[in-house]
Amino acid sequence: MKRIAGLVIVVLLAACESSPPPEQAALSAAPATPAEEPAPPPAAVPREPLPRVVAGLALGASLSDAQAKLGMLNCHDNPEGFRVCSPAKAPADTPAKLEVYFVHDRVVSLAYESDIGANVWNFLNDHVTRYGRPSLNGTNQTDKLGRTHEIYGWKDDHSIYSVRFVWQGEGAERRLATTAIALWDRDAFQAWEAEKKAPLTPTPALAETT
């Protein structure tokens, strides 16, 4: 989950930056009307902000906040540079396989598995209604177990939200194994990424010996 999650957020940050919004694209594709009777623009559909809270824990929360909400945490360092923690004994309202990603002891991401039922299209249509068209639309990846990850993602000024349908088998034998959902704090992730890419400043002692 962790390596794919890192790739998903990088793709989402780059996705559709130069694409017009759906309303603008629809206007461009619409047939022309007589000049004396211009067609009114479509009414803007209000969208919900992307979710930022899971099991009472919000993106940007501190390590102590996470411990207060989730109890004792089992943690390890992720190869991508995050500290990843899971509740040792999850509270009753915690979704399955919750992982909390920390940078400098602040929550930058929340990832978990969800039972969405048999009809993924109902789930997706509900998300489009609530959050608009996804920036990342059905990208496929294959994991080491041969499962297909079908990925959708949304972003706004402050958040990134991705949904991965994990499929086993092919054709008529294909079935949904699980659905993984991840929330990211966009500002915190970009700050971490910039910090990771920043050149190291030599210490005075090292500078004197070079």
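How do E5 and strand E6 pair, and over how many bridges? The two run antiparallel, with six bridges between E5 and E6 (residues 106–114). Keep in mind that this is a predicted model. With that said, E5 is a handy place to start a tour.

Let's stay with that hairpin for a moment. Two residues sit between the strands of the E5 and E6 hairpin, and His 104 takes a positive phi there, near 55°. On its other side, E5 pairs with strand E4 (residues 83–87), again in the antiparallel sense, this time over three bridges. If you want one residue to follow across these strands, pick Val 100: Cys 85 stands opposite Val 100 in E5, and Val 100 in turn stands opposite Leu 110 in E6.

Is E5 largely enclosed or open? Six of the eight residues of E5 (residues 96–103) are buried, so the strand is largely enclosed by the rest of the structure.

Now zoom out to the sheet. Its eight strands form an open sheet in the order E3-E4-E5-E6-E10-E9-E8-E7, with antiparallel pairing. Strand E3 (73–77) and strand E7 (136–142) are the edges, each pairing on one side only. On average, neighbouring strands in this sheet are turned by 20° against each other, ignoring direction. Over at the E7 edge, strand E8 (residues 148–155) pairs with E7 through six antiparallel bridges; one of the matched pairs there is Asn 140 with Glu 150 in E8.

Helices lie across these strands too. Helix H4 (residues 120–131) lies across E8, strand E9 (159–168) and strand E10 (175–185), and runs at about 170° to E9. Helix H5 (residues 186–197) lies across E5, E6, E8, E9 and E10, at about 75° to E10.

What about the nonpolar packing? The largest nonpolar core has 28 residues, and the members touching the most others are Leu 57, Val 100, Val 107, Trp 154, Tyr 161 and Phe 165. Helix H3 (63–70), E5, E6, H4, E8, E9 and E10 each give two or more residues to this core. So here is Val 100 again. Leaving out residues up to four places away in sequence, Val 100 touches Leu 57, Leu 70, Arg 83, Val 84, Cys 85, Val 107, Ser 109 and Leu 110. There is also a second, separate core of 11 residues, which includes Tyr 101, Val 103, Ile 160 and Ala 182.

Cys 85, the residue opposite Val 100, has another partner. Cys 85 and Cys 75 form a disulfide, with sulfur atoms 2.0 Å apart, and the count for the model is one disulfide. The link is right-handed, with 110° about the S-S bond. It ties Cys 75 in strand E3 to Cys 85 in strand E4, 10 residues apart. The two ends sit in contrasting surroundings: Cys 85 is buried, with a relative accessible area of 1%, whereas Cys 75 counts as partly exposed because its relative accessibility is 32%.

Finally, a few whole-protein numbers. The protein has six helices and 10 strands, and 36% of its 210 residues are buried. Among contacts with a separation of 6 or more, 53% are between residues 24 or more positions apart. The protein exposes about 12700 Å², with carbon and sulfur atoms supplying 55% of that area.

Technical notes. Residues numbered from 1 in each chain as written. Predicted model: local features only at pLDDT ≥ 70, side-chain atom pairs only at ≥ 80, totals over all residues. Heavy atoms only, no water. Buried < 20%, exposed > 50% of the residue type's maximum accessible area, 1.4 Å probe, protein only. Helix = DSSP H or I, 4+ residues; strand = E, 2+ residues; numbered from the N terminus. Pairing = 2+ DSSP bridges. Axes fitted to C-alpha atoms, helices over the stretch in contact; angles between N-to-C directions. Contact = heavy atoms within 4.5 Å. Core = buried A, V, L, I, M, F, W, Y, C linked by side-chain atoms within 4.5 Å. Areas by Shrake-Rupley, 256 points an atom, 1.4 Å probe, with all protein chains shown as cover. Disulfide = S-S within 2.5 Å.
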